[in-house]
Structures are given as structure tokens and as C-alpha cells.
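Thanks for making time. I have a few items to go through, and I will take them one after another.

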Amino acid sequence: MKILVSGGTGFIGKALVEYLRLKAHEVRILQRSYPKEDFYWDVEKNIFDEKAMHQIDGIIHLAGAPIAEPWTGYYQKVLYESRIDTANFLLEKAKDFCPDLSLFISASAIGFYGNEATDKTLTEESEAGEGFLSKLCVAWEAAADQFHEIGARVVKVRTPAVLSKDGGLIRVLNKVFRLGLGTNLGDGNNYMPWIHLQDLLRVYEFALINSSLDGAVNAVADEQITQNEFNLVLSREIKAPYFLPNIPEFVVKRILGERSALVLDGCLLSNMKLKNLGFRMQYPRIEEAMRTIFISEH
């Protein structure tokens, strides 16, 4: 398939581009700097290389400013614009240059479900939650759904913590734990959905080639674990101490503000939608996933 990717130079994007090319897909990348081989775009200046959309089958939209930066009023605007405005821009250009586009896949996040603590297992049919992150995800997915206007199949990949030694949560916690500073943020009993990077890449390709997959999908591993269980496995895997007292929730909220939702909130999520279509995780359990990530240390 011929695929156009936005956000193809980020942590997940770079890995996905490499993976899809290995799977014999033709991948084109949109970049905000003038590239030698890829395609330049600038949403604010309305600059777009129409050749990027020539005879493509689908778009994978990964563009978005990093969510872990401080959520100032200005940066919340950046988070919206880098996801929603770029999706709107791609739709405008698709109408002009690729009106027969068959597929639009957008990244989303499990933050869609908000900050309500619950032991109920949520599915893709569950309602959106409360809080900034939930509102961001709702707008993000609504922007993706606009591609139905041109008859495209739309898939929204609700993504949890992505595990890889090359980036994301593991890269941060690996350093912290090796310094002997590993601990829980809050009581550690909040659920912590996760997925191995390799499985996330497989989910994206599955969405490309499986026309039965439509709408939102929870790209989460089978095993449901808490933050404390995650930290225990990590500490054992890298042989790092894990004995410091928990950092109280009120302290985390004082330091991180609204961003504390990223580390204090969590929910049980079902991946049965993927399973019912025949998808199986290569790394369904956290110990196996961690072992693979740190295999060079065994």
C-alpha cells in the first residue's frame, strides 16, 4: 500500500515508517523541515506538496506536540493545534488532491476515558471522561472522523504507555530507577494500560490491511496491571532498588498540576475489539515485554 505519514520522525513514527517499509509498503513522510527525500508541509503558511498524496491509499496521522511538556495555557493550545488543525489541513488537501482516499488512521490516546477511577472494564463504546486530556482526545478523534466526508474508513488508535528502550516511559524510568529513585507516584494502585512498541506497530499495519477494523480501537496489552506492579517488574528486570516511600498524590498534583492525570489516573481497558478481528498481541504480559526490552542485560 502507498501510505502518507504525518509525525513520521517522532519516537513512534520513525519506528512505524521503518516497520511498514520492511513489510513492503510504500511510505511517504510529511516533514516540517525541507527534506531531501520526503515532503514538506507547513500548516500555518498553507504549504503542501501535492505530490505527497499522488495515488496514495491511506494516511496515518501521528503529528502532535509532546504531551509530557508542562500544560500552560499556551501549550494546551499547541497540543490542540498540532493534532486537530493538522488533521483539518490534511482533510482539506485530501479533498483537493486525493478525493478517493480510502483510509485515514489517526493516533489517539487512552486519555479519552478521562480521570475517573473505576474497576469497571471500559471498551471503545464507553463514554469519554472528564478533564483536559479527555477533551483533547475527543476533539482529536472528531477531526479524524471528518474523513468520512470523502468516504474514507477511519481508525482511531487509542494508545497507552508505549514500552521501548528507545523512547517513551521506559527511557525515563530506566534512568530514575538506576539512580535508586524508583517509587510510586500516588499510592501506586491506579491501573496502567500499556503496549509494547512492536505490538503497536503491528496494530497500525493490521488497521491498514484489515478493512473490518473501523472506528476507535484500544491498542492495549492483555494484562491489566497497576503502577506498583509495573514498577516492581521494572525494578526486578534491571536489578534496581525499589524501596522509597510513595510520593503522596497531593504532592504530585502540586508539582505537575493537570499533567498529574498522566501518572495518577488509569482504568481497565478491553482489547476484545482487536481480538475479535483475529489480532493477537506478541507481548501480552508485562514480564515478557520487559524481558524483551532489556534482553541485552541478561
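The largest cavity holds about 50 Å³ of space. This is a predicted model, and the count of cavities of 30 Å³ or more comes to 1. Which residues line the largest cavity? They are Y191, M192, P193, W194, V220, A221, E223, Q224, I225, C267 and L268.

One of those lining residues, C267, leads to the cysteines. The disulfide count is 0. C267 is in no disulfide, and the nearest cysteine sulfur, that of C137, is 11 Å away. A disulfide needs the two sulfur atoms within 2.5 Å, so that pair does not qualify. Is C267 buried or exposed? Its relative accessible area is 6%, so C267 is buried. C98 is also a buried cysteine, with a relative accessible area of 8%.

Next, helix α6, which covers residues 227-238. Its 12 residues, at 1.5 Å a residue, should span 16 Å. The C-alpha atoms at its ends are 17 Å apart, which agrees with that expectation. For the side that is covered, the buried residues of α6 are Q227, F230, N231, V233, L234, S235, E237 and I238. So the list contains polar names such as Q227 and N231 along with F230 and L234. What covers these buried residues? The cover includes strand β9 (161-164) and the helices α4 (168-178), α8 (261-264) and α10 (286-293). Just after α6, K239 takes a positive phi of about 55°.

Helix α8, one of the elements covering α6, contains L264. At 14% relative accessibility, L264 counts as buried. Leaving out neighbours within four places in sequence, L264 is in contact with L185, G186, N190, E249, V252 and K253. L244 is 20 residues from L264 along the chain, and their C-alpha atoms are separated by 17 Å.

Last, R28, which sits in strand β2, residues 26-31. How accessible is R28? Its relative accessibility is 10%, so R28 counts as buried, the cut-off being under 20%. The R28 side chain reaches the backbone oxygen of K51 at 3.4 Å. K51 is also among the residues that R28 touches, not counting those up to four places away in sequence. The others in that set are K2, I3, L4, V5, F39, A52, M53, H54 and I56.

That is the list. Questions are welcome.

How values were computed. Residues numbered from 1 in each chain as written. Predicted model: local features only at pLDDT ≥ 70, side-chain atom pairs only at ≥ 80, totals over all residues. Heavy atoms only, no water. Helix = DSSP H or I, 4+ residues; strand = E, 2+ residues; numbered from the N terminus. Buried < 20%, exposed > 50% of the residue type's maximum accessible area, 1.4 Å probe, protein only. Polar contact = N/O pair within 3.5 Å; in protein donor to acceptor, adjacent residues only side chain to side chain. Contact = heavy atoms within 4.5 Å. Expected span 1.5 Å × (residues − 1). 1 Å grid on protein atoms, 1.4 Å probe; cavity = no way out; pocket = protein on both sides within 12 Å on 5 of 7 lines; lining within 4 Å. Points joined across faces, edges and corners; volume = space filled by probe spheres on them.
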